[in-house]
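User: I would like to go through this model and ask, term by term, what justifies each label.

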Amino acid sequence: MATTVSASDVQKNFGTYHDRAMSEPVRVTKYGRETVFIVSAKTFHDLKQAQREAIASADLTDDELALIEAAEIPAEHRYTIDV
């Protein structure tokens with residue numbers, strides 16, 4: 001769970017919140033409204049990687065859709081559902 005702190009408190013105690021952000025997100029507010037989060041570099045890179053991997057199917061080209069439709073599941077990864 002994220003720790004919530006005011007921007008002025010972050011300014012006064014940046015080192016403390018920097019260290020805390022290494023283990024959990026720090027939610028920063030200004031005038032009582034959420035404005036930014038401080039997160040570790042690992043968390044940031046994980047989020048950016050996930051963002052790159054997730055695209056809408058509507059954004060795929062016809063060639064990309066054709067490749068997906070033609071793809072086959074390798075035998076070692078196939079499964080069946082017994083009903």
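**Reasons behind the labels**

Analyst: In this predicted model, the largest nonpolar core consists of 7 residues, namely V5, V10, Y17, A21, V26, V28 and I38. The elements contributing two or more residues to this core are α2 (14-21) and β2 (26-30).

User: What is V28 in contact with, leaving aside its neighbours within four places in sequence?

Analyst: With those neighbours set aside, V28 is in contact with V5, S6, A7, V10, R33, E34, T35, V36 and I38.

User: Why is T29 called buried?

Analyst: The relative accessibility of T29 is 11%, and buried means under 20%, so T29 counts as buried. T29 lies in strand β2, and, not counting residues up to four places away in sequence, T29 touches T4, V5, S6, A7, E34 and T35.

User: What makes β2 and β3 a pair of strands?

Analyst: Pairing requires at least two bridges between the strands, and β2 and β3 (residues 33-38) have 5 bridges in the antiparallel sense, so they count as paired. One of the bridge partners in β3 is F37, which is matched with R27. The two strands form a hairpin with 2 residues between them, and Y31, in the loop between β2 and β3, has a positive phi of about 55° although it is not a glycine.

User: Is Y31 buried or exposed, and why?

Analyst: Y31 has a relative accessible area of 79%, and since exposed means over 50%, Y31 is therefore exposed.

User: How do you know that R27 and E34 form a salt bridge?

Analyst: The criterion is a side-chain nitrogen of Lys or Arg within 4 Å of a carboxyl oxygen of Asp or Glu, and the N to O distance between R27 and E34 is 2.7 Å, so the pair qualifies as a salt bridge. R27 has 26% relative accessibility and E34 has 45%; partly exposed covers the range between 20% and 50%, so R27 counts as partly exposed, and E34 does so too.

User: What makes R20 and E24 a salt bridge?

Analyst: Their closest N and O atoms are 3.9 Å apart, and the limit is within 4 Å, so R20 and E24 are counted as a salt bridge. A search of the whole structure finds 4 salt bridges.

User: Why does K42 count as exposed but D46 as partly exposed?

Analyst: K42 has 58% relative accessibility, and exposed means over 50%, so K42 counts as exposed. D46, at 41%, falls between 20% and 50% and therefore counts as partly exposed. Both lie in helix α3, 4 residues apart, about one turn of the helix, and they form a salt bridge with the closest N and O atoms 2.7 Å apart.

Note on methods:
Residues are numbered from 1 along each chain as its sequence is written. This is a predicted model: local features need pLDDT of at least 70, side-chain atom pairs count only at pLDDT 80 or more; totals for chains, interfaces and linings use all residues. Side-chain values use heavy atoms; hydrogens and water are left out. A nonpolar core is a set of buried Ala, Val, Leu, Ile, Met, Phe, Trp, Tyr and Cys residues joined through side-chain atoms within 4.5 Å. Buried means under 20% relative accessible area, exposed over 50%, partly exposed in between (1.4 Å probe, protein chains only). Contact means heavy atoms within 4.5 Å.
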